[in-house]
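Here's a quick briefing to read with the structure open beside you. Start with the strands, then work round to the helix and a few side chains worth a look.

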Amino acid sequence: MTVLALKDVVREPGAIYYIRRYRATANLKLPTEIVDSNIEFSIETGPLGDKIIDVELLTQPNYPALPIVKALREFINENDNAGTLPI
């Protein structure tokens, strides 16, 4: 199970400066097929610079959710560190 891309990433407005909320479509490669899933995720930055990434699947593919969420967290963290997410 791998995450191929995040498409249509939109940042939702928020009043708390250390929490960023997003909506996106995740392109996922499952063992039997490639599917798109709508997701919401947030990135919370702690006082020491640590990041807490919370992912919610809005459309559940026919695959267990735990490996999908784990792969999405890693992919989102890589994209955030590279600076490719909307500010």
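Val3 sits across from Leu28, a residue of S2. That pairing is a good place to start in this predicted model, where S1 and S2 run antiparallel and share eight bridges. Zooming out, you get one helix and four strands, in the order β-β-β-β-α along the sequence.

**How the strands connect**

- To get from S1 to S2, the chain goes through a hairpin of six residues.
- S2 also pairs with S3, again in the antiparallel sense, and here there are eleven bridges.
- The hairpin between S2 and S3 uses four residues.
- One spot to check on the S2–S3 side is Arg20, which stands opposite Ile43 in S3.
- S2 is largely enclosed by the rest of the structure, because eight of its eleven residues are buried.

**The helix and what covers it**

- H1 takes in residues 65-82, which makes 18 residues.
- From first C-alpha to last, H1 reaches 26 Å, close to the 26 Å expected at 1.5 Å a residue.
- Which residues of H1 are buried? They are Ile68, Val69, Ala71, Leu72, Phe75, Ile76, Asn79 and Asp80.
- Those buried residues span an arc of only 165° around the axis, so they end up on the same side of H1.
- As background, an α-helix has 3.6 residues a turn, so residues three or four places apart point the same way.
- Flip to the other side of H1 and you'll find Leu66, Lys70, Glu78 and Asn81 exposed.
- The cover over the buried residues of H1 includes all of these strands: S1 (2-12), S2 (19-29), S3 (34-45) and S4 (51-57).
- Right after H1 comes Gly83, which has a positive phi, near 80°.

**Arg20, a charged-type name in a buried spot**- Arg20 belongs to strand S2.
- Is Arg20 buried or exposed? Its relative accessibility is 17%, so Arg20 counts as buried; the cut-off for buried is under 20%.
- The side chain of Arg20 makes a polar contact of 3.1 Å with the side chain of Asp80, and Asp80 is one of the buried residues of H1.
- Setting aside residues up to four places away in sequence, Arg20 touches Arg11, Phe41, Ser42, Ile43 and Asp80.

**Glu40 in S3**

- Glu40 is found in strand S3.
- With a relative accessibility of 22%, Glu40 counts as partly exposed.
- Which side chain does the side chain of Glu40 make a polar contact with? The partner is Arg23, at 2.5 Å.
- Apart from neighbours within four places in sequence, Glu40 is in contact with Glu12, Tyr22, Arg23, Asp54, Val55, Glu56 and Leu58.
- Glu40 and Lys51 are eleven residues apart in sequence, and their C-alpha atoms are 16 Å apart in space.

**Ser37, also in S3**

- Ser37 is another residue to look up in strand S3.
- Its relative accessible area is 1%, so Ser37 is buried.
- A polar atom of the Ser37 side chain lies 2.5 Å from the backbone oxygen of Thr59.
- Thr59 also turns up among the contacts of Ser37. Leaving out neighbours within four places in sequence, the full set is Ala24, Thr25, Ala26, Leu28, Leu57, Thr59 and Pro61.
- Leu28 in that set is the S2 residue that stands opposite Val3.

**The whole protein**

- One helix and four strands make up the secondary structure. The radius of gyration is 13 Å, close to the 12 Å that the globule rule gives for 87 residues, so the protein is as compact as a globular protein of that length.
- The C-alpha trace spans about 40 × 25 × 20 Å along its principal axes.
- What share of the 87 residues is buried? Buried residues come to 36%.
- Taking contacts between residues at least 6 apart in sequence, 38% of them join residues at least 24 apart.

How values were computed
Residues numbered from 1 in each chain as written. Predicted model: local features only at pLDDT ≥ 70, side-chain atom pairs only at ≥ 80, totals over all residues. Heavy atoms only, no water. Helix = DSSP H or I, 4+ residues; strand = E, 2+ residues; numbered from the N terminus. Expected span 1.5 Å × (residues − 1). Buried < 20%, exposed > 50% of the residue type's maximum accessible area, 1.4 Å probe, protein only. Arc of directions from axis to C-beta. Contact = heavy atoms within 4.5 Å. Pairing = 2+ DSSP bridges. Polar contact = N/O pair within 3.5 Å; in protein donor to acceptor, adjacent residues only side chain to side chain. Rg over C-alpha atoms; globule rule 2.2 N^0.38 Å.
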